[in-house]
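Reader: Please show me the structure. Then I will ask how its terms are earned.

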Amino acid sequence: MAVGRITVGQLEVNCYIVSDDATKEAIVIDPGDEPDRILGYIAEKGLVLVKIVCTHTHFDHIGALPELKEASKASLQMHKDELAVYKMAKDMAAVWGFQIDTMPAPDVFLTDGSEVAVGGVSFKVLHTPGHTPGGMCLFGNGIVITGDTLFAGSVGRTDLPGGSMSALKASFKRLMTLPPDTKVLPGHGPASTIANELRDNFFND
């Protein structure tokens, strides 16, 4: 397995490209912006993009979706509870002074416990609402990709449409039960570990 990270857009979203070493099949997670850079990385590494997965669908995490979908015909996957936020993304972007293209329709709706796999690389979907209703994390292979649910030392905001502080607290507690050496790959900012977040995160009360 290989995990690449490209930080994209003005809001500095971490876009992850996870690939299987044997098959060269790849998953792009949270392609927020700069599709040329993401597609360039895929081409440089000789990868085949087969799945695009959204941890959630705020505009800063999905801005490159149309171009990636058109270029690859990859399967677009998100949690089933995220559709309402997805449909609002273009309007929300405009409120923040950004413009994004019309988004493609999802191909697969994931649920808690679903598997996302390419080649021999597999992740389990953890439904972690709070930042958005359909927010989710991908756990497996010693890492958890957390989107905007969990950051190094912090958590996602809950004051946007669909946010819930009580749901986020429950999701945070669930993530803290993962193995302590699990590497945390968040949607913004530096990586961490579950052990570090158990010790240092202000949300861990």
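**Sheet, threonine and cavity**

Author: Ile 145 stands opposite Leu 185 in β13. The model is predicted, so local features need pLDDT of at least 70, side-chain atom pairs count only at pLDDT 80 or more, and totals for chains, interfaces and linings use all residues. Residues are numbered from 1 along each chain as its sequence is written, and side-chain values use heavy atoms, without hydrogens and water.

Reader: What makes β10 and β13 paired strands?

Author: Strands (E, at least two residues) are DSSP runs, numbered from the N terminus. Two of them pair if DSSP finds at least two bridges between them. Four bridges join β10 to β13 (residues 183-186), so they pair; they run parallel.

Reader: Why are β7 and β14 said to stand at the edges?

Author: The open sheet has six strands in the order β7-β8-β9-β10-β13-β14. β7 (115-118) and β14 (192-193) each have a single partner strand, so one side of each lacks a neighbour in the sheet.

Reader: Why is Thr 149 called buried?

Author: Buried means under 20% relative accessible area (1.4 Å probe, protein chains only). Thr 149 has 4%, so it is buried. Thr 149 sits in the loop between β10 (143-147) and β11 (150-151).

Reader: What makes the link between the side chains of Thr 149 and Thr 128 a polar contact?

Author: The term needs a pair of N or O atoms within 3.5 Å; within protein, one must be able to donate a hydrogen and the other to accept it, and residues adjacent in sequence count only if both atoms are side-chain atoms. The two side chains are joined at 3.2 Å, so the distance fits.

Note on methods. Buried < 20%, exposed > 50% of the residue type's maximum accessible area, 1.4 Å probe, protein only.
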